[in-house]
Amino acid sequence: MITTELVFVRHGEAQCNVDGLVGGPRTCTGLTNRGYAQTERVALRLSTEHRDKPFDALYAGPRLRLRQTGEIISQALNLPMSTDDRLDGPVHGAADGRPWAEVKTAADGGPHAHPDRPWAAGSDAWNGYLERAGRLLRELIDHHEGERILFAAHGETVIAAHTLLLGIPLGSPAGFTVSHGSITRWQHHLNRLGQRRWMLDRHNDTEHLAALAQEAVA
């Protein structure tokens, strides 16, 4: 039997993604037209699922691209959205608004390359972010036990969920691809012996975006 279920939707493509900029709070200007189209397609897919098995709550972080993604999903599902500042993703500090290529060169790699040190003045360390995000997710899981929870999320939030629920050691060199508009689903199973286990049902599912990809090629 599935008890708690967590469904993460990575936000649609944002302008800062296209421009190659670190999209912190000062820099994020929201979704591109393609990002809106991606989000509309994922919302349509989730609305069909919601009719058969309703979600209980929808969360989004405060950055514009997350709020825009969450609002589209909220309207499609007629499900209120809660904005939680703690879902804002990593703190980028002085890197906010700078080209990622410059930031990574100056830091000798991206956030994951040296996970115990900041990648810019005033930024998180990658492991510090994972610890903080993991604590929040654990709080939300405990608060919503037995419910279906939907997140309009950063890719980093999906990675934090995997780190928490798979028990991945901090500082692991491995990672996960999380595409714009993708769906990742975790399910908490309870069997007839009273044993509980988290199961990753799907990761980076973009089936609903196939037609959009074909349109881009045509």
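In which sense, and over how many bridges, do strand E1 and strand E5 pair? In this predicted model, strand E1 (residues 2–10) and strand E5 (residues 183–190) are joined in the antiparallel sense, and the pairing extends over six bridges. Within this pairing, Val 7 has Arg 185 of E5 as its bridge partner.

The two strands belong to an open sheet of six strands, arranged in the order E3-E2-E4-E1-E5-E6 with mixed pairing. The edges are occupied by strand E3 (81–83) and strand E6 (196–205); each has a single partner strand, so one side of each lacks a neighbour in the sheet. On average, neighbouring strands are turned by 20° against each other when direction is ignored. Two helices that pack on the sheet may be described in turn. Helix H3 (residues 64–77) touches E1, strand E2 (57–60), E3 and strand E4 (148–153), and its direction makes about 140° with that of E4. Helix H6 (residues 155–166) also packs on the sheet, with E1, E4, E5 and E6 as the strands it touches. The direction of H6 makes about 25° with that of E5.

The chain as a whole contains seven helices and six strands. Read from the N terminus, these elements follow the succession β-α-α-β-α-β-α-α-β-α-β-β-α. The radius of gyration of the chain is 17 Å, in agreement with the value near 17 Å for a compact globule of 218 residues. The C-alpha trace spans about 55 × 45 × 30 Å along its principal axes. Of the 218 residues, 50% are buried. Among contacts with a separation of 6 or more, 70% are made by residues 24 or more positions apart. The accessible surface amounts to about 10600 Å², and carbon and sulfur atoms contribute 50% of this area.

Charged side chains were examined next. Side chains of opposite charge can pair when their charged atoms come close. The chain has 15 salt bridges. One of them joins Arg 148 to Glu 5, with the closest N and O atoms 2.7 Å apart. This pair links distant parts of the chain, since Arg 148 lies in strand E4 and Glu 5 in strand E1, 143 residues apart. Arg 148 and Glu 5 are both buried.

A salt bridge also forms between the side chains of Arg 45 and Asp 205, with an N to O distance of 2.7 Å. Arg 45 is located in helix H2 (residues 33–52) and Asp 205 in strand E6, so this pair ties together parts separated by 160 residues in sequence. Arg 45 is partly exposed, its relative accessible area being 23%, whereas Asp 205 counts as buried at 11% relative accessibility. The residues of these two pairs belong to a network of salt bridges that links Glu 5, Arg 45, Glu 49, Lys 53, Arg 148, Arg 185, Asp 201, Arg 202 and Asp 205. Arg 185 of this network is also the bridge partner of Val 7 in the sheet. A further salt bridge is found between Asp 84 and Arg 86, whose side chains meet at 3.0 Å, N to O. In this pair, Asp 84 counts as buried at 12% relative accessibility, while Arg 86 is partly exposed with a relative accessible area of 46%.

Helix H2 also contains Thr 39. This residue is buried, with a relative accessible area of 1%. Leaving aside residues up to four places away in sequence, Thr 39 touches Gly 12, Leu 31, Thr 69 and Ile 72. The C-alpha atom of Thr 39 is separated by 9.8 Å from that of Ala 152, although the two residues are 113 residues apart along the chain.

Backbone geometry draws attention to two asparagines. Most residues other than glycine have a negative phi. Asn 78, however, has a positive phi near 55°. Asn 78 occupies the loop between H3 and E3 and counts as exposed at 70% relative accessibility. For Asn 204, phi is likewise positive, at about 55°, although the residue is not a glycine. Asn 204 lies in strand E6 and is buried, with a relative accessible area of 18%.

Definitions and conventions:
Residues numbered from 1 in each chain as written. Predicted model: local features only at pLDDT ≥ 70, side-chain atom pairs only at ≥ 80, totals over all residues. Heavy atoms only, no water. Pairing = 2+ DSSP bridges. Helix = DSSP H or I, 4+ residues; strand = E, 2+ residues; numbered from the N terminus. Axes fitted to C-alpha atoms, helices over the stretch in contact; angles between N-to-C directions. Contact = heavy atoms within 4.5 Å. Rg over C-alpha atoms; globule rule 2.2 N^0.38 Å. Buried < 20%, exposed > 50% of the residue type's maximum accessible area, 1.4 Å probe, protein only. Areas by Shrake-Rupley, 256 points an atom, 1.4 Å probe, with all protein chains shown as cover. Salt bridge = Lys/Arg side-chain N within 4 Å of Asp/Glu carboxyl O.
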